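Me: Please take a close look at one part of this protein, the sheet and what surrounds it. I am a first-year student, so plain wording is best.

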Amino acid sequence: MKITVIGGGSWATAIIKILCEGNVHIKWWMRNVEDAEHIKKHHHNRNYLSSVEIHPSKVKPYTNLKEALRVTDWVVLAVPAAFVSDALKSLSISNLADKKIISAIKGMIPESNQLVTDWLADNYQVSHQNMGIIAGPCHAEEVALEKQSYLTIASPNMDLANDFADLMRCRYVSTSPLADIYGVEYAAVMKNIIALACGITHGLGGGDNFQAVMVSNAMQEIKRVVDIIAPMERDLSASAYLGDLLVTAYSQFSRNRTFGNMIGRGYGVRAAQLEMNMIAEGYYAVKCIFEMMQQYDVAMPITNFAYQILYKNAYLKKEFEDLKEKLK
């Protein structure tokens with residue numbers, strides 16, 4: 001099976017590790033020529049999950065994206081949502097024609113407030129029947145340690161979802177298919193916002209008791225979003241929804257929680273981004289979801305809390321006190 005993975009970060013590296021448990025040939029595209037050459041020579045990603053061995057017999061790094069997309073069965077997108085447009089700008093519609101595309105991105109395109117799948121449909125005429133997403137509570141750092149993890153492959157095309165779930169299933173990763181691509185994709189976006197907000201409140205001195213209340217209220221907020229935008233019967237207690245929220249809100253590996261914690265401790269946005277040297281998808285998602293939901297008369301206290309702090313330079317402690325009054 002030939003698979004092209006686009007992106008050079010920790011999640012792309014983890015996905016490649018998982019896929020290499022099977023019988024695959026991977027074309028790994030990354031922007032940086034030096035990083036690609038380092039992988040060819042030393043068989044590991046020097047910047048992310050450097051302990052993961054990259055099998056040279058199964059993985060070939062590329063820096064020419066069009067070459068990486070030639071003669072391939074699957075395309076996995078694993079770059080931050082804010083950089084998708086720039087990463088794919090050299091491509092034409094024909095480069096992605098008839099490709100099966102899996103988004104491993106838990107974020108939204110900030111320029112258009114779109115999910116990645118909708119953006120691909122609009123800009124590259126990719127059918128939703130040829131797309132799926134990877135979701136679920138699965139940190140890249142734990143994949144590197146081969147900790148038991150669970151992933152959901154969501155797609156309106158259940159044959160595609162089943163096929164890619166088979167490719168991602170291995171001794172330390174369990175997978176399951178799901179048809180609710182919109183619900184899962186919006187829930188994945190929302191859980192980053194919630195984790196970021198949890199980090200802010202923790203940085204301000206909020207304890208575990210308060211975070212538990214935030215997470216329970218967050219599930220109600222997520223339900224309001226998905227019920228308005230993609231109404232259908234769904235079990236939000238499933239791991240693709242609640243499980244992903246819990247691990248992102250509580251884990252030491254959560255970059256969104258870490259980013260929020262730095263904001264709560266007094267860092268400016270730019271200073272926090274520079275110190276992390278990683279992308280917190282929740283930062284961009286806050287503005288996307290806030291702007292989208294302005295047209296609906298629904299309560300979004302946690303999203304609004306994060307938006308006022310990150311984009312309106314609101315006084316942290318005042319917003320924290322206001323949030324306390326809105327949660328139940």
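Reply: Asp98 is a good place to start: its relative accessibility is 74%, and because exposed means over 50%, Asp98 counts as exposed. This is a predicted model. Asp98 sits in the loop that runs between helix H5 (93-96) and E5. Its phi is near 65°, which is a positive value in a residue other than glycine.

Strand E5, at the end of that loop, belongs to an open sheet of 8 strands. The order across the sheet is E3-E2-E1-E4-E5-E8-E9-E10, with mixed pairing. Strand E3 (59-62) and strand E10 (173-178) are the edge strands, and each of them pairs on one side only. On average, neighbouring strands of this sheet are turned by 20° against each other, with direction ignored.

One pairing can be followed in detail. Strand E1 (residues 2-6) pairs with strand E2 (residues 25-29) in the parallel sense, over 5 bridges. Within this pair, Thr4 stands opposite Lys27 in E2.

Back at E5, a helix comes into the picture. Helix H6 (residues 116-124) lies across strand E4 (74-77), strand E5 (100-103) and strand E8 (131-135). The helix runs at about 160° to E8.

Another loop residue can be set beside Asp98. Asn113 lies in the loop between strand E6 (108-109) and strand E7 (114-115). Asn113 also has a positive phi, about 55°, although it is not a glycine. Its relative accessible area is 19%, and since buried means under 20%, Asn113 is buried, whereas Asp98 is exposed.

Technical notes. Residues numbered from 1 in each chain as written. Predicted model: local features only at pLDDT ≥ 70, side-chain atom pairs only at ≥ 80, totals over all residues. Heavy atoms only, no water. Pairing = 2+ DSSP bridges. Helix = DSSP H or I, 4+ residues; strand = E, 2+ residues; numbered from the N terminus. Axes fitted to C-alpha atoms, helices over the stretch in contact; angles between N-to-C directions. Contact = heavy atoms within 4.5 Å. Buried < 20%, exposed > 50% of the residue type's maximum accessible area, 1.4 Å probe, protein only.
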